[in-house]
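Me: I'm new to this structure and would like a close look at a single part of it. Please walk me through it slowly, and then show me how the rest is put together.

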Amino acid sequence: MLSNQLLWIPSAERVQATALADFMAAAGTAAGRTFADYDALHAWSVDDREAFWSLVWDYCGVRGERGETVLSDGDRMPGASFFPDARLNFAENLLWKTGPDDAIVFRGEDRYRNRMSWDELRARVSRLQQAFAEAGLQAGDRVAAMLPNLPEAIACMLAAASLGAIWSSCSPDFGRQGVLDRFAQIEPRLFIACDGYRYNGTTIEIGDKVAAIAAELKPRRTIIINYTGDADAVARSIAGATSLEGLIAPFVEAPLRFERLPFSHPLYILFSSGTAGVPKCIVHSAGGTLIQHVKEHRLHADIQEGDRFFYFTTLGWMMWNWLVTGLASGATLILYDGSPGYPDSNTLFDYADAEKFTHFGTSAKFIDALRKSSVRPMDTHSLATIREIFSTGSPLSSLSFDYVHDAVKQDVHLASISGGTDIVSGFVTGIPIKPVWSGEIQGPGLGMAVDVWGDDGVPLRSGKGELVCTKVFPCMPVRFWNDAGGAKYHNAYFDRFPNVWCHGDFAEWTEHGGMIIHGRSDATLNPGGIRIGTAEIYSQVERMPEVIEAVCIGQDWDNDVRTVLFVRLAAGVTLDEDLRGRIRLMIRDNLSPRHVPARVVAVADIPRTKSGKISELAVRNIVHGLSVKNQDALVNPEALRLFEALPELGV
C-alpha cells in the first residue's frame with residue numbers, strides 16, 4: 001500500500017552541496033541545455049548514453065585510457081560494448097590515495113579491532129601482488145576466498161585485481177558443499193580462507209572444513225589468514241598451504257604495478273542464491289563494475305573524499321563488492337564482522353558514533369528487527385555525522401521508513417535500493433536532491449532505462465508488472481561462467497521480452513516517480529489468476545506486534561492456487577482463531593479480499609539465504625513435496641523440516 005506520506009525534503013543548502021547537483025550543471029554544459037530537475041537529467045542520461053557515460057568517466061575521475069568509442073552495438077541486448085577501446089585496471093582506481101589517514105577501519109564483535117592507513121593498504125597490496133605473481137597468478141586466473149569481512153580480504157582482492165585475476169568470495173559460515181558448489185565450477189588457482197571466525201560471542205573453528213574444501217578444489221596454493229589465532233596450525237594440516245604472513249614474508253613494499261586490460265575484462269564472479277539448483281556463476285567486468293559503482297557512490301549516495309562509509313555485509317553478499325569500491329571515491333571503509341546484535345542492539349550505533357560514520361548501510365530486515373524490538377538509537381546516541389542511511393536486500397516497508405525517521409534520525413537521507421547480484425548494483429536507488437516518500441524507492445538510477453511492463457510488453461504507468469530495463473547499461477554481466485553459447489545467460493534475462501532485460505521483480509511506479517518492489521516475480525502469488533506481490537502481505541502482517549516475520553506462498557489446490565501465510569510469532573504468543581482472524585482482517589482492510597490467505601499457519605522459524613533473504617521458493621518446494629536442491633545456500637536449512645507434511649495444508 002502507498003502511504004503517500006512525505007518523510008524528508010533536502011534543504012536548498014544540502015541539495016547545492018551534493019555532487020549530483022554539481023554533476024547536473026556539468027551535464028547541462030555538455031548537453032548545451034539546462035536540466036530543470038532530476039527527471040530531466042535522467043531522461044537525458046538514457047537518451048544520450050554516449051554523452052552521459054563519457055561525462056561519468058571524466059567527472060568521477062576514472063583512471064585509464066578511455067579510447068574514442070563510448071558505446072558500440074548499443075541496440076543489442078546482450079551484445080553491446082561500452083568503451084570497447086578502453087584500457088584500465090580496477091585496483092588502480094581504488095588505490096590512488098596515499099597518506100596516514102584511515103583507508104579501512106575494522107571491528108570483529110567485541111574482540112578484534114584494526115585500522116589500516118592508505119599507505120599501509122598500498123604496502124600490503126604490494127607485498128601480496130608480488131607473492132601472488134610468484135605463485136603464478138596471471139590475468140584471467142581465478143582467486144576464490146572464504147573469509148570474514150576483514151581488511152585482509154580487501155587487500156587480497158586488490159592484489160588479485162591488480163594482476164587482472166578474477167575474484168570470487170563467500171563467507172566462512174557456508175557449508176562445505178555450498179562452497180564447493182560455487183568454487184569448484186570456476187577452478188581457482190588460489191584458495192584463500194581463514195582459520196575461524198566469531199559470531200554472537202563464540203569462536204567457530206573451521207580448519208577441518210577448509211582442509212576438506214582445499215582437497216576437493218586442488219588449487220595451486222591454499223592461503224590461510226590468521227583471524228582467531230590458529231592460521232599456522234591450519235596451514236600445516238593442508239598440503240601445499242601457507243599462512244598469509246608466511247606467504248608475504250619474503251617480500252618488501254615495492255612500487256605497485258597495474259595491468260591495464262580491456263573495459264570488459266572480468267573482475268568478479270558472483271553467484272546466484274542456488275536454492276533452485278547449482279548456483280549460476282555471474283561474471284562482472286572491471287570497467288562496468290567500476291563506472292557503475294562510482295556513479296552510484298558519487299552521485300546517488302553522495303560519497304565524497306574523506307567520508308566514512310559503513311555497510312553491514314559479508315563476503316557472500318554483493319554489497320561487499322559495492323562497499324569496497326568506496327575506496328575509489330577516497331572514502332574510508334568501515335568494516336564489521338559478526339553478529340550486529342552482539343552483545344546488544346546498540347553495537348552498530350556505538351560503532352557509528354565512535355568512528356563518525358557518514359554513511360550507514362544495512363538490510364531491510366535489520367531495520368525491521370530494530371523496530372520490532374522498540375530500539376530508539378535517536379534517544380541513546382548522537383549519530384550527528386550520519387548523512388545517508390541505505391537499506392537493501394528486500395523491500396523496506398513504509399512502517400520501517402517511518403521508524404528510521406522517528407527513532408534513528410530525522411534529518412537523514414534514507415535511501416532504499418534495489419538491484420542485485422545480477423548487476424552488482426542497483427536499478428532503482430536513492431536520489432539525494434529529491435524528497436523521500438514513505439515506502440517508496442526514490443527513482444531509477446542515472447543511465448538505467450528502467451520501466452514496468454505488463455505481461456503483454458506494454459509499459460504500465462500505474463499498476464503492478466515486471467521490472468525491466470529497455471536499454472543496455474555498462475554493468476550487465478559479461479557472461480555466465482561455463483555457459484558456452486550464452487544460452488543460460490540469455491534465458492535468465494532476455495527470454496521474456498526480446499532485447500530487453502527482465503529482472504524478475506514485481507514492481508509498480510508511484511505518482512511521485514518512485515517505485516515500490518512487491519517481491520520476486522517467481523514468488524508472486526496468483527490466486528484466481530490475480531497476481532499479488534508477497535511484500536504487500538508482509539508489509540501488513542509484520543505491523544502486528546504478535547508477528548516477528550512471515551513467509552507467503554501459493555499452494556496448488558483444487559485446480560487453482562491458494563495463498564498460505566506462515567508466521568513466526570513473538571515469544572509467548574499462540575496462533576489461535578482470534579489472532580488468525582485479526583491477521584486476515586488486517587490484510588483485507590489494508591489490501592483487498594484477494595490478498596487474504598486461505599490458510600494461516602504458525603512456524604518456529606523461516607528459512608533464509610546467506611544474505612538474509614526469505615527463501616519463498618524453498619518453502620514452496622517443501623510444501624509441494626519437492627526437494628530443495630542446494631540447502632547449503634541457506635543459513636538455517638533445518639527450518640525446512642517445519643514445512644513438511646503439515647496437516648493444516650491437507651484440508
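Me: Where is the place of Ala-328?

Reply: Happy to help! Before we start, please keep in mind that this is a predicted model. Ala-328 sits in the loop that runs between helix α13 (318-324) and strand β19 (332-337). Although it belongs to a loop, this alanine is buried: its relative accessible area is 12%, and a residue counts as buried when that value is under 20%. Leaving aside residues up to four places away in sequence, Ala-328 touches Asn-93, Leu-94, Trp-96, Leu-290 and Val-294. For a sense of distance, take Ala-165, which is 163 residues away along the chain: the C-alpha atoms of Ala-328 and Ala-165 are separated by 19 Å.

Now let's step back to the whole protein. It has 21 helices and 34 strands. Its radius of gyration is 24 Å, close to the 26 Å that the globule rule gives for 651 residues, so the protein is as compact as a globular protein of that length. The C-alpha trace spans about 70 × 65 × 55 Å along the principal axes. Ala-328 has plenty of company inside, as buried residues make up 62% of the 651 residues. If you take the contacts between residues at least 6 apart in sequence, 70% of them join residues at least 24 apart. On the outside, the protein exposes about 23700 Å², with carbon and sulfur atoms supplying 47% of that area.

Back to the loops for a moment. Most residues other than glycine have a negative phi, and most peptide bonds are trans. A few places here depart from that pattern. Strand β19, which follows the loop of Ala-328, is itself followed by a loop leading to α14 (347-355), and Pro-343 lies in that loop. The peptide bond from Tyr-342 to Pro-343 is cis, with omega near 0°. Another cis bond joins Met-77 and Pro-78, where omega is about -5°; Pro-78 is found in the loop between β3 (71-72) and β4 (81-82).

Two loop residues with positive phi make a nice pair to look at. Ser-374, in the loop between α15 (364-372) and α16 (377-380), has a phi near 60° and counts as exposed at 61% relative accessibility. Val-424, in the loop between β23 (418-420) and β24 (425-429), has a phi of about 45°, but this valine is buried, with a relative accessible area of 1%.

Helices and strands show burial in their own ways. In helix α9 (residues 207-217), the buried residues are Gly-207, Lys-209, Val-210, Ile-213, Ala-214 and Leu-217. Seen down the axis of α9, they fall within an arc of 160°, so they line one face of the helix. Those residues pack against several elements, among them β8 (142-146), α8 (176-186) and β10 (190-194). Right after α9 comes Lys-218, whose phi is positive, near 55°. Helix α17 (residues 398-408) is mostly covered, with 9 of its 11 residues buried; Phe-401, Tyr-403 and His-405 are among them.

For a last stop, look at His-413 in strand β22 (residues 413-416). This histidine is buried, with a relative accessible area of 0%. Its contacts beyond four places in sequence include Trp-8, Arg-14, His-300, Glu-388 and Gln-442.

Note on methods:
Residues are numbered from 1 along each chain as its sequence is written. This is a predicted model: local features need pLDDT of at least 70, side-chain atom pairs count only at pLDDT 80 or more; totals for chains, interfaces and linings use all residues. Side-chain values use heavy atoms; hydrogens and water are left out. Helices (H or I, at least four residues) and strands (E, at least two) are DSSP runs, numbered from the N terminus. The radius of gyration is taken over C-alpha atoms; the globule rule is 2.2 Å times the number of residues to the power 0.38. Buried means under 20% relative accessible area, exposed over 50%, partly exposed in between (1.4 Å probe, protein chains only). Contact means heavy atoms within 4.5 Å. Accessible areas come from the Shrake-Rupley method with a 1.4 Å probe; for residues, only the protein chains shown count as cover. The arc is that of the directions from the helix axis to the C-beta atoms.
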